[in-house]
Amino acid sequence: MSRRKPSQAGLLLWRTAVTPSVLLWMYVMNTFLNTAAAASLTLAITQCVILRYSNITCYWETSDHHLNASNYKLQINITNCDSKENFNVVGVCDTRGSNCAVQHINSELLCFRADVLADTHTGSIRSPPYFFIGLKSVKLPPPQIKHLKSSARCLHVVWGMKRFPKDVKNHIRLQVEFTTHDQTRSQTVRAYSNETLELCDLHPGSKYTVRLRAQDDRADAHWSSWTSIDTTTAEKAPSAAPRLWRHIQPAEEAGKRRLTLLWKPVSWPEVNGVVLSYSASCRSELDSSQWTCGALNASRSSCVLAVSTDPCHCNLTATNSAGTSPPAHLYIPAHTDAELPPPQSISVTPLDDTRLKVEWTAALNQSESGFVLQWSSVPGSGPASLHWEQMNKTARSFNLTGLLPEVPYNLSVVKLYGRRAGSAKSVIAFTREGAPSVGPKMTVLRTSSSVIILQWEPVPLEKLHGFIQNYTVLYSINGKSEKVCTRAEQISLTGLTAGTYNICVMAHTAVGGAAGPWHMVAVGLEDVQVIPILLCSLLLSFLILIIPLCLRVRIKQCLCPTVPDPSKSSLSVWSYTKPCQHKLTSTMSSIISIGQATSYQGYAEKDYDPIQVLSYHTVRHDDNEAETKTNGTATYLDPKPAPTQAFPKHLLNQSYTKPDQVLPAGFTEDLEPSSADLLFDSLFSCERNPVDLSGYIHVSQSYAPFATTVDAYRTAGLPEDTNITA
């Protein structure tokens, strides 16, 4: 049988009839579900508090955190305490939060009813009514601290309360807390306003935070807010000594030791205040020698003394405003004393990147009084980087904190025997290892036709960042690479072929490795090493370049000698001989050798002027013989050396200048020389024109080539009309 398909018109009619009914059904079901959801929603008031002389505040909460209420309205009514009916409105407030306050009617002897109405997008929701009694819901205002007085062991607190009601006076409970160094003590007492509270059994010199709050004992669920104040008890002298330790090093001076005293502050509460200064000193056990650091401020934690090698006792005290602590004692054995035994063993376990657990075992059959754990990073910077902790004799482990990863730490445990310390048991440890930051530096010890002997320096521990596991030697030639692993710091590579090898050494820790610098090493070829040849070549090239540079001045003088300038010759000026001077020349029978010359006027004519210098000497003719040589038209006399000097010595090296002129070194000014000082005073005159040579001639020791006079009126090689005067 065939089934007939519905026509298009029938389907359209069916859809038109069904669709409105479906939509109506969906709307009804949605409204029903929303109403059910709203009914299941819990909105409830948790508590209402009456703040005396202020307001009534109620708090509420809802189980649906996605309620998104647009507004809450709180209404508080006065009701009958028994029947909870006959409501009188106290007040209404609106808010978007979870609490609200209405103005109080200044009476706690009534009963109240409160409810809250929430407006949501689905409608309004009202909480169930909340009934409360006024006396059981009262919260008192915070008390006030009016006066505070402290002593070493007690605090005296005077407190009060604003508008303290008489009907509440017998129902007040006061709770007091005092806290110091994260230690809190609390006590609750019955008290009255303006009453003094005494808090005793406190620590001297300690800072306390005192807090007070009050409660009406009829409303035991509500305390007032806290009132707090900070104060410090009076100080007392420290009741315990500081903790003292030492670090001993050899001193530069013979017979001395460098002793560094280290200490830690007196711990709380034994410090009894604030330490102002420390005093440290040491005294020799064999003589009266004593060394002291004097008074040190409270920020200091070490002191350095240069003590003898004899045994000595060291003391340390701490001082505050109330007194001085008992002394801490430490015995320093002599340099030659035998050391006491260390702990039997020590082990270190990393806890994380910043912590290490150190454990040790005490020596058997030994009576120890305590232990000292020391630690410092490697490399340390002396006592300043040394950390230490002193522990009692029962301690067998300690956790170090605040360390750094990949940093080596030197840890040691020292056993104490009374005031003496034994030797240290040490170990190196890391919180976490890392890869080395540099590789080893390699050195080639020897090469031969087929062998290379290598040696390298170990990587410094602070750059190793871990414990060395092994070394790897890498070498290659002609693109072929080989490697050899070893734990030693020297190796021989054998069976090598002739050629030049590239070699380096790697250092490995548990985390990774790092390679050192590469070296080129030649094998065979008559054992010629490449690096020495290169160095020699560089050195020779450097010398070839630097030697000419250093000798450039001398080379220039040899290649390009200086040619004299004739224009600067000392013979550029010649003197003119007057006829009356011919007689003088004949009488002297001398020949004057002329240097650089100029003339100046007499003293009376004008001031001194700078002049050129005539340098001359006389040569006396033989009275019996005088050889005459003739050359053309000029006749020259052949002079002979004169046995005496023509002018006095005081005329030599003289220079006339202006009065304010600075004279060169070695020259002084001769003030207008007298004619009596001249050897030829009687000869330097002329009937027609007397001449005083002191006004014209200046004598110096500058030497120039000889110029021989031709006759009394002219000199050789110069024109006759040349005048020597300026």
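**Entry 1: a patch on the surface**

I began with the surface of the structure, where I found that L539, F542, L543, I547, L551, I555 and L559 form a nonpolar patch, and that together these residues have about 690 Å² of accessible area. I note for myself that I am reading a predicted model.

I then looked up which helices supply the patch, and I found that α3, residues 530–550, and α4, residues 552–559, each give at least two residues to it. The largest share comes from α3, which contributes four residues.

**Entry 2: one residue of the patch**

I picked out L543, which lies in helix α3, and asked myself whether L543 is buried, partly exposed or exposed. L543 counts as partly exposed because its relative accessibility is 38%, and that class lies between the limits of 20% for buried and 50% for exposed.

**Entry 3: a sheet of four strands**

Next I turned to an open sheet, in which four strands follow one another in the order β28-β27-β30-β31 with antiparallel pairing. I wanted to know which strands stand at the edges, and these are β28 (387–391) and β31 (420–429). Each of these two has a single partner strand, so one side of each is left without a neighbour in the sheet. I also wrote down that neighbouring strands of this sheet are turned by 20° against each other on average, when direction is ignored.

**Entry 4: one pair of strands**

Last, I followed β27, which covers residues 370–377, and saw that it pairs with β28 in the antiparallel sense over five bridges. To place one bridge partner, I looked up F371 and found that its partner in β28 is M391.

Conventions: Residues numbered from 1 in each chain as written. Predicted model: local features only at pLDDT ≥ 70, side-chain atom pairs only at ≥ 80, totals over all residues. Heavy atoms only, no water. Patch = residues over 30% accessible without salt bridge, like charges linked within 9 Å, V, L, I, M, F, W, Y side chains within 5 Å. Areas by Shrake-Rupley, 256 points an atom, 1.4 Å probe, with all protein chains shown as cover. Salt bridge = Lys/Arg side-chain N within 4 Å of Asp/Glu carboxyl O. Buried < 20%, exposed > 50% of the residue type's maximum accessible area, 1.4 Å probe, protein only. Pairing = 2+ DSSP bridges. Axes fitted to C-alpha atoms, helices over the stretch in contact; angles between N-to-C directions.
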